[in-house]
Amino acid sequence: MTHSPAHHSQSNFLQIFQDADHQIHDDSVEDPFPAYLDDIDTTLAPFCPTSAKRVLKALRMAHVGPHDWVIDLGSGDGRFVTAAVAEMNAAKAVGIESDTALVHTSKTLAKKVLPSLSSASLEDLETDRICFIEGDLLNLPSIVHPTPWTVIVLFLLPDHTDKFAHLLLHHYRRGARIVSLVFNLNEIPEMNLITSDEQDGIYVYGLANKL
Ligand SMILES: C[S@@+](CC[C@H](N)C(=O)[O-])C[C@H]1O[C@@H](n2cnc3c(N)ncnc32)[C@H](O)[C@@H]1O
C-alpha cells in the first residue's frame, strides 16, 4: 500500500479529533453506559474516548513506528487507529468496535485526517492499511488472533482483563507492546511494565528490550 502520512497530518489529527472531543462533551448523553447494542455486550467499557493529546502521548510512549501493526480492542471513534497511521506512520492499524455508529464515525474521521483514504473501504483487514471492523471483542473474527500485532491498545474495564489475558500474552511473548489506558494490567503479572504515566493513565507493557 502506498499511503504516506500527509505533511500536515499532525495538525489534521489534533484538529479533527479535538473537534470530536468538544462535540462529545457537548452532547449530553442520557445513558453513558449502554449495556447491550444489538445483542453485543458493550459493558466491557462504555464509549469514553482518550483525549486526542493523550492518544499521541501513548503512541509516542510505545514508540509506535513504521514497522508496527497496531490493533485497538474497542476502538471507539477510531482515534488510536487513525493516529497510529497518520502520526506515527504505522504499517497497519485496525480497530474492533461493537457500536455501528462509532464504526461509521471512525471511517468518516479517518478519511478526514487522511484524505488519501477516501476511496478505500477501510473494512478489509488483509488489504486495508486502516481498517475498522464492527464486531464483538468476546467473539473476535478468527483472522485477528494469528495476525502478528506488534502493538495492542485497550481501554477496557479491569473486570474484563481476564477475558483478554490469553490474547495479550500470546502477542506479548512474541514481542508486542501492550498499551493500556486508564487501568493498569496488574492482573497479568507476567507482563513487564516498561513505562507509564500515572497522571495521564498510560501504561505500556513489553519485554524488557522492546522499547
Ligand atoms: C473506553 S472506550 C475506548 C475507545 C478508544 N479505544 C479510545 O481510547 O478512545 C471502549 C470502547 O470499547 C467498545 N466496546 C465495549 N464492549 C465491546 C465489545 N464487547 N466488543 C467491541 N467493542 C466493545 C465501546 O463501544 C467503546 O467504544
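From the N terminus on, the elements of the chain follow the order α-β-β-α-β-α-β-α-β-β-α-β-β-β. In total, this predicted model holds 5 helices and 9 strands. Of the 211 residues in the chain, 40% are buried. Contacts across the sequence are well represented: among those with a separation of 6 or more, 65% join residues 24 or more positions apart.

A convenient place to begin with the strands is β6, which spans residues 151–154. Val151 and Val153 point one way from this strand, while Ile152 and Leu154 point the other way, and all are buried. This arrangement can be read against a general pattern: in a regular strand, side chains alternate between the two faces of the sheet. Strand β6 has β3 (residues 69–73) as a parallel partner, joined to it by 4 bridges, and within this pairing Asp72 has Val153 as its bridge partner. Strand β7 is also joined to β6 in parallel, again through 4 bridges. Here Val153 stands opposite Val179 of β7. Between these two strands the chain passes through helix α5 (residues 161–173), and the resulting β-α-β crossover is right-handed.

From β7 (residues 177–181), the picture extends to β9, to which it is joined by 4 bridges in the antiparallel sense. Val179, already met as the residue opposite Val153, has Val204 as its bridge partner in β9. Val204 in turn stands opposite Thr195, a pair that belongs to the antiparallel pairing of β8 (residues 193–197) with β9, which also covers 4 bridges. The hairpin of β8 and β9 has 4 residues between the strands, and in it Gly201 takes a positive phi near 65°. Strand β9 itself covers residues 202–205, with Ile202 and Val204 directed one way and Tyr203 and Tyr205 the other; all are buried.

Attention now turns to the ligand, which is surrounded by 25 residues. Those that come nearest are Leu44, Thr50, Gly74, Gly76 and Ser98. At least two residues of the shell are supplied by each of β2 (40–41), α3 (79–86) and β4 (92–97). Sorted by class, the shell has 13 nonpolar residues, alongside 6 polar and 6 charged ones.

Technical notes. Residues are numbered from 1 along each chain as its sequence is written. This is a predicted model: local features need pLDDT of at least 70, side-chain atom pairs count only at pLDDT 80 or more; totals for chains, interfaces and linings use all residues. A residue is buried if 20 or more other C-beta atoms lie within 10 Å of its own, exposed if 12 or fewer, and partly exposed in between; C-beta atoms are placed from the backbone. Two residues are in contact if their C-beta atoms, placed from the backbone, lie within 7 Å. Two strands pair if DSSP finds at least two bridges between them. A residue is near a molecule or strand if its C-beta atom, placed from the backbone, lies within 6 Å of it. Ala, Val, Leu, Ile, Met, Phe, Trp, Tyr, Cys and Pro count as nonpolar, Asp, Glu, Lys and Arg as charged, and the others, Gly among them, as polar. A crossover is right-handed if, with the strands pointing away from the viewer, the path from the first strand over the helix to the second runs clockwise.
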